[in-house]
Amino acid sequence: MFDTHLIRKDFPILTRTIHGKPIVYLDSTASSLKPKLVLDAIMEYYTKFSVNIFRGIYTLSEEATQKYEDARVKVAKFIGAKSENEIVFVRNATEAINLVAATWGRAHLDRESEIVSTVMEHHANIVPWQEISQKSGAKLSYAGITPDYELDIDHLEKLITSRTKLVVLTYVSNVLGTINPMKEVIRRIKSKNPKTIILIDGAQAVPHMSVDVSTFGCDFFVFSGHKMLAPTGVGVLWGKYDLLQEMPPYQTGGEMIKEVYLEKTIFKDAPHKFEAGTPHIAGTIGLGAAIDYLSTLGMDAVRKHEEEVTRYALKVLGQLKGVKIFGPERAERKGGVVAFTVLGVHPHDLAQVLDSDNICIRSGNHCAMPLHTYLKLSATARSSFYIYNTKEEVDLLAGGIEKATRLFNG
Ligand SMILES: Cc1ncc(COP(=O)(O)O)c(C=O)c1O
């Protein structure tokens, strides 16, 4: 059974107090807290077999290699990949997107090509495409959103032409929380142009709901470990195997090679040809442990809990005077993210007032400046919820917002 109070006991950081007060962590969209199981897995690597992988023909190295490769299998199963060979370990979602831009993008995009994206993307899924668009001459265009803060799928569909080589879009918005109906979106893109390659930014989806990439019909899917209970510095690129095989390497050097001669090099097959140098071994093993933890809870239960807390937050914050919420109104349509403004209180001031009570929220544009500009906003406050958050914490947030309103508006 999903018991938040038991779950909270697995997170050592939640036993901390600052100035005698507990921590109310409402910023998991930026990065999640880490459970003891993950911390133990990292410690186990460093205390029992903290050696390099693939290189050594000795037991310690074989143990470390096995754990690293086990993590690949766990990731593959967790997201419904056909095989672990479709899983490339990178630093984070940002690096996964840059990898695709620098390899697939450089090989396929030119002046005749078009890339389509949306205004609700994180900078990680905008800037690499701007760069490749400038270098290749490919046209980059963006679908808008509806007044209900949903992706304007009709607009997206209109932007797809016979020249569209690539569509890049987020599964869940890190500001609005909007969950894009991915299967429908992909079906409509492919019906306009079946050859279009589709990259999904799953950074805000994989930590929070059950994901099965094999059912989407997309070509690339990216996410970060640190938002799903794992350490920072490890992320995932999933790609269809044929595409990965056909792509040139991203970085070159040790570990990604089969044979090296002074004149030429023969690379390994995917996924290893994309993992040059010593990877974040401990972090990757930690990601495997995070997946074990989430799998034990069950992703449907995780989603249900977040939906409940989000529904409660939408109700409680929505009743506060001067609070305006941005994003779909119904919790079923949203991830566990509530972005809002408070009349007369700048989001940064609000975040500071909340911090005096150890309530951690994010303020600013949340790496989605184009979305804020589109909504004619300079900044919002953002609270986000995960497996360890409770309705009582939402009440504390509401109390903090009222306190800030009194302070700034008298
Ligand atoms: C939707 C989305 N995409 C991409 C990223 C980038 O993640 P990272 O900084 O781990 O690369 C984030 C981070 O907040 C995000 O929310």
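Below are a few worked exercises on this predicted model.

**Exercise 1. Work out how the chain is split, and how the parts meet.**

Step 1. Start with the bounds: domain 1 takes in 4-27 + 298-409, and domain 2 covers 40-295.

Step 2. Now get the spacing. Between the C-alpha centres of domain 1 and domain 2 there are 28 Å.

Step 3. Then look at who takes part in the contact: 36 residues come from domain 1 and 32 residues from domain 2.

**Exercise 2. Find the largest nonpolar core and say which residues and elements build it.**

Step 1. Count the members: the largest nonpolar core holds 81 residues. Tyr171 and Phe221 are the ones with the most contacts inside this core.

Step 2. Ask which helix gives the most to this core. That's helix 9, residues 281-297, which puts in nine residues.

Step 3. Check the core against the domains. At least three of its residues come from each of domain 1 (4-27 + 298-409) and domain 2 (40-295).

Step 4. Zoom in on phenylalanine 221. Skip its neighbours within four places in sequence, and its contacts include Tyr171, Phe216 and Trp238. The valines on the list are Val206, Val211, Val213 and Val236, and Ile200, Gly202 and Leu237 are there too.

Step 5. Don't stop at one core. Another core, of 29 residues, lies apart from the largest, and Ala96, Leu99, Phe220 and Leu243 are among its members.

Step 6. As background, nonpolar side chains tend to be buried together in soluble globular proteins.

**Exercise 3. Hunt for enclosed empty space, then describe its walls.**

Step 1. Search the whole structure with a floor of 30 Å³, and one cavity turns up. The largest cavity has a volume of about 60 Å³.

Step 2. List the lining: Ser28, Thr29, Val172, Gln204, His208, Gly335, Gly336, Val337, Ser384 and Phe385.

Step 3. Sort the lining by type. You get three nonpolar residues, seven polar and no charged.

Step 4. Where does the lining come from? Domain 1 (4-27 + 298-409) and domain 2 (40-295) each give at least three residues to the lining of the largest cavity.

**Exercise 4. Take one lining residue, phenylalanine 385, and place it in its surroundings.**

Step 1. Phe385 helps line the largest cavity. Along the chain, phenylalanine 385 is in the loop between strand 17 (380-384) and helix 13 (391-409).

Step 2. Buried or exposed? The cut-off for buried is under 20% relative accessible area. Phenylalanine 385 has 1%, so it counts as buried.

Step 3. Look for what packs around phenylalanine 385. Leaving out neighbours within four places in sequence, the contacts are Leu26, His208, Glu306, Val309, Thr310, Ala313, Gly336, Val338 and Val394.

Step 4. Pick valine 309 from that list. Its C-alpha atom is 7.2 Å from that of phenylalanine 385, though the two are 76 residues apart along the chain.

**Exercise 5. Two acidic residues sit in loops. Decide whether each is buried, and name its partners.**

Step 1. Locate aspartate 27: it belongs to the loop between strand 3 (24-25) and helix 2 (36-48). Its relative accessibility is 11%, so aspartate 27 counts as buried.

Step 2. Beyond its neighbours within four places in sequence, aspartate 27 contacts Cys360, Ile361, Arg362, Arg382 and Ser384.

Step 3. Do the same for glutamate 150, which is in the loop between strand 6 (139-143) and helix 6 (153-159). At 18% relative accessibility, glutamate 150 counts as buried too.

Step 4. With residues up to four places away left out, glutamate 150 touches Met120, Ile145, Thr178, Pro328 and Arg333. The C-alpha atom of lysine 334, 184 residues away along the chain, is 9.9 Å from that of glutamate 150.

**Exercise 6. Check the backbone for oddities.**

Step 1. Test the peptide bonds. The one from alanine 270 to proline 271 is cis, with omega near 5°. Proline 271 is in the loop between strand 12 (265-267) and helix 9.

Step 2. Now scan phi. Leucine 229 isn't a glycine, yet its phi is positive, about 80°. Leucine 229 is in the loop between strand 9 (220-224) and strand 10 (235-239), and its relative accessibility of 0% is why it counts as buried.

Step 3. Asparagine 358, also not a glycine, has a positive phi of about 60°. Asparagine 358 is in the loop between helix 11 (347-355) and strand 15 (359-360), and with a relative accessible area of 4% it is buried.

Key: Residues are numbered from 1 along each chain as its sequence is written. This is a predicted model: local features need pLDDT of at least 70, side-chain atom pairs count only at pLDDT 80 or more; totals for chains, interfaces and linings use all residues. Side-chain values use heavy atoms; hydrogens and water are left out. A nonpolar core is a set of buried Ala, Val, Leu, Ile, Met, Phe, Trp, Tyr and Cys residues joined through side-chain atoms within 4.5 Å. Buried means under 20% relative accessible area, exposed over 50%, partly exposed in between (1.4 Å probe, protein chains only). Helices (H or I, at least four residues) and strands (E, at least two) are DSSP runs, numbered from the N terminus. Domain bounds come from an automatic or database domain assignment. Contact means heavy atoms within 4.5 Å. On a 1 Å grid over the protein atoms alone, a cavity is a set of points where a 1.4 Å probe fits but cannot get out, and a pocket is an open set with protein on both sides within 12 Å along at least five of seven lines; lining residues have an atom within 4 Å of a point. Grid points are joined across faces, edges and corners, and a volume is the space filled by probe spheres set on the points. Ala, Val, Leu, Ile, Met, Phe, Trp, Tyr, Cys and Pro count as nonpolar, Asp, Glu, Lys and Arg as charged, and the others, Gly among them, as polar.
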